[in-house]
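Let us walk through this structure in steps. We begin with a single side chain, then move to a helix and to the contact between chains.

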Amino acid sequence: MNEQTRLLPHSRLGWLLLAALLACLVAAPHFVSIYHTELITTAMIAAMLALSLQLLVGGTGLVSLGHGAFYGLAAYVVYLISPEAAARPIWQTLPAAMLVAGLAALLVGSLSLRTKGFFFLMVTLAFGQMIFFVFHDTKLGGGTDGAYLGKPLIQAFGASLDLPRRQRPLGPYYVALIQLTLMYVGLALLMRSLFGRILEGIRANEHRMRAIGFDTYRYKLTTFVIAGMLAGASGHMWAMHRGFVNPELISWHKSAEALLMILLGGLGSLAGPIVGALAYTALGEFSQLVTERKLLVEGLVILAVVLVLPRGLTGLARRRKAAELGPDG
Amino acid sequence: MNLLAQLLNGLQYGLLLFLIASGLTLVFGVLGVINLAHGSLFMVGAYLAYVIAKTTGALWLALPAGLIGGIMLGAGLERFLFRHFYHREHLDQVLLTFALILLFEEGRSFLLGNDFHSVPVPALFDFSIPVAPGFSYSAYRFFVIGCCLALGAALYLWIERTRMGAIIRAAAEKPEMVDVIGIDARRVHMVVFAIGTALAVIAGALAAPLYSVYPGIGDGFLIISFVVVVIGGLGSVSGAFWSALLIGMVDTLGKAYMPAVAGLAIYVLMAAVLLVRPSGLFGQRA
């Protein structure tokens, strides 16, 4: 058995590339426009969502189509607990958003994990849509139109610092970057721990894991709740950054998009979803230059990825390495 | 008499759901593929009816056109896309069919725009039939009920009484055995996918005058069909029938008598079924 955990870089080069990516992200806002700083912030928030889903998909082998619901739910929590005139500080909103997302994940997970495969897909999707309809059909969060938060993130730190306009997007940018980095490190540690090894065992052969005495249901449920809470952290950041919520955030298209980022970046690594989210956002920007029809480009890209690039962008590097080492490398 | 009207509405809605869900469950059971784009096929049918009604004024044409067009569309999709995905991971199937949804939506938006359109009930059925003293019910809804029942019966006879039906049942249960005894499973796959597609397209065409046509019409029906399939049991057509009727009734009666909570009723029902029988009411225990 390989010493390395499957989802972490296999070589020193991999870690170096990852560090280089982090360095680029730290430096980027000082070299690009305000618009692009905000764009990368959005991409990092998407990366957090995809990363949290990767714990389920790549880590445990559970393909969920309801993951976006926890993300959107958390964004709505921020809206619902924020008073109109002032902003609530982040140490109150973040735990609240993660707690509610975690509770929802506990409820949805405890039911849907009783099923497997296609059933699991459909049940997570249906429960996700249930949460969608709660916000879409009632006036709880502004109905179909969504709603605006009274105050954006920057006040939330009590920093009524009069930042010049040029520096204002830096707050959310670095908060998102810190959260993304923490999430990566946390998940990397988790995957290296005994718990992570057990998840890999479940992904590879759940029957065997049960046969040797692991209560796989409980492990899967714990993982589902952790992933839901992390999705909640991502949704919280979205609400803070963009300052509005709408039902689209909860829709299952969000989950499918996150799955696409995972597949685009590569199923076999934790870095994959991050690379995938950045690539996907860049793609969205470029496609806007060419055509108004975003869905067309998106659809064709997905087709191309599933048909031509089944192991994603990070899979390209690994494939080359595997070819050097021979089939068992 | 309001209750009778709601019961008939529930029956009609349930039967329509059955047409969609039966194709979905057949494709699962026999081909082992999850088709998220099944709702888009429904949308194709609804817009087909809209276009036919608008250009020719003869809405009935939508039924033969839906049948033939659906079979051709399904066969084409199977031949050029789905065939390559039977042994791929669920994730790949999800994304392939998600891409199809986006392409269908974009195609619809390109050809027909993003507006909401109502489709008139065909003149032939534009009247009410007296059912009980002081109560009459839309003839078109009766026609939909009849169509769905006829198609359901044909589907039942096809699966239970024909040679190909026997192969389909065998392929759903033990696909490797079908290969071993030398049956060309590829032809069976194509036929099943084509029939499933045609059923969804026809359901869309029948639904157009009742629900109007609008972007995203397929999405709502897709999710409800998933709930139907989960409750009915994966791969079980008769399970899909009973569970579609159940969902149709619960949803319709709920909306009529308890509108505040009706949207959640079917999900609560699904949660209850998952608690008691995770493999569905009519599915085999996994």
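Does A:His241 count as buried or exposed? This is a predicted model, and every value here is computed from it. A:His241 counts as buried, because its relative accessibility is 15% and the cut-off for burial is under 20%.

Where does this residue sit? A:His241 belongs to helix H9 of chain A. Leaving aside residues up to four places away in sequence, A:His241 touches A:Glu38, A:Thr41, A:Thr42, A:Ile45 and A:Pro172. One of these neighbours offers a polar partner. A polar atom of the A:His241 side chain lies 3.5 Å from the backbone oxygen of A:Glu38. A:Ala176 is another useful reference point. In sequence, A:His241 and A:Ala176 are 65 residues apart. In space, their C-alpha atoms are 8.8 Å apart.

Helix H9 also leads to the next stop. Helix H9 (216-242) of chain A is among the elements that pack against the buried residues of H7(A). The others are helix H2 (34-60), helix H6 (170-192) and helix H8 (206-211) of chain A. Which residues of helix H7 are buried? Helix H7 of chain A spans residues 194-204. Its buried residues are A:Phe195, A:Gly196, A:Ile198, A:Leu199, A:Glu200, A:Gly201 and A:Ile202. A charged residue, A:Glu200, is therefore on the buried list.

Now turn to the interface. How many residues of each chain are in contact? In chain A there are 38, and they meet 40 residues of chain B. Between them, the two chains bury about 3700 Å², with 82% of it on carbon and sulfur atoms. Three residues stand out on the chain A side. A:Phe118, A:Phe119 and A:Met122 supply 19% of the area that chain A buries against chain B, more than any other three residues.

Polar links cross the interface too. The rule finds one salt bridge between chain A and chain B. In that salt bridge, the side chain of A:Arg293 meets the side chain of B:Glu106 at 2.9 Å, N to O. Eight residue pairs across the interface are in polar contact, with both residues at pLDDT 80 or more.

Which helices build the chain A side? Helix H5 (117-137), helix H10 (252-265) and helix H12 (294-308) each supply at least two residues. The largest share, 13 residues, comes from H5(A). By class, the side of chain A that touches chain B has 29 nonpolar, five polar and four charged residues.

Key: Residues are numbered from 1 along each chain as its sequence is written. Chains are lettered from A and ligands numbered from 1 in the order in which they are written. This is a predicted model: local features need pLDDT of at least 70, side-chain atom pairs count only at pLDDT 80 or more; totals for chains, interfaces and linings use all residues. Side-chain values use heavy atoms; hydrogens and water are left out. Contact means heavy atoms within 4.5 Å. Buried area is the accessible area (1.4 Å probe) that two parts lose on being put together, summed over both. A salt bridge is a side-chain nitrogen of Lys or Arg within 4 Å of a carboxyl oxygen of Asp or Glu. A polar contact is a pair of N or O atoms within 3.5 Å; within protein, one must be able to donate a hydrogen and the other to accept it, and residues adjacent in sequence count only if both atoms are side-chain atoms. Helices (H or I, at least four residues) and strands (E, at least two) are DSSP runs, numbered from the N terminus. Buried means under 20% relative accessible area, exposed over 50%, partly exposed in between (1.4 Å probe, protein chains only).
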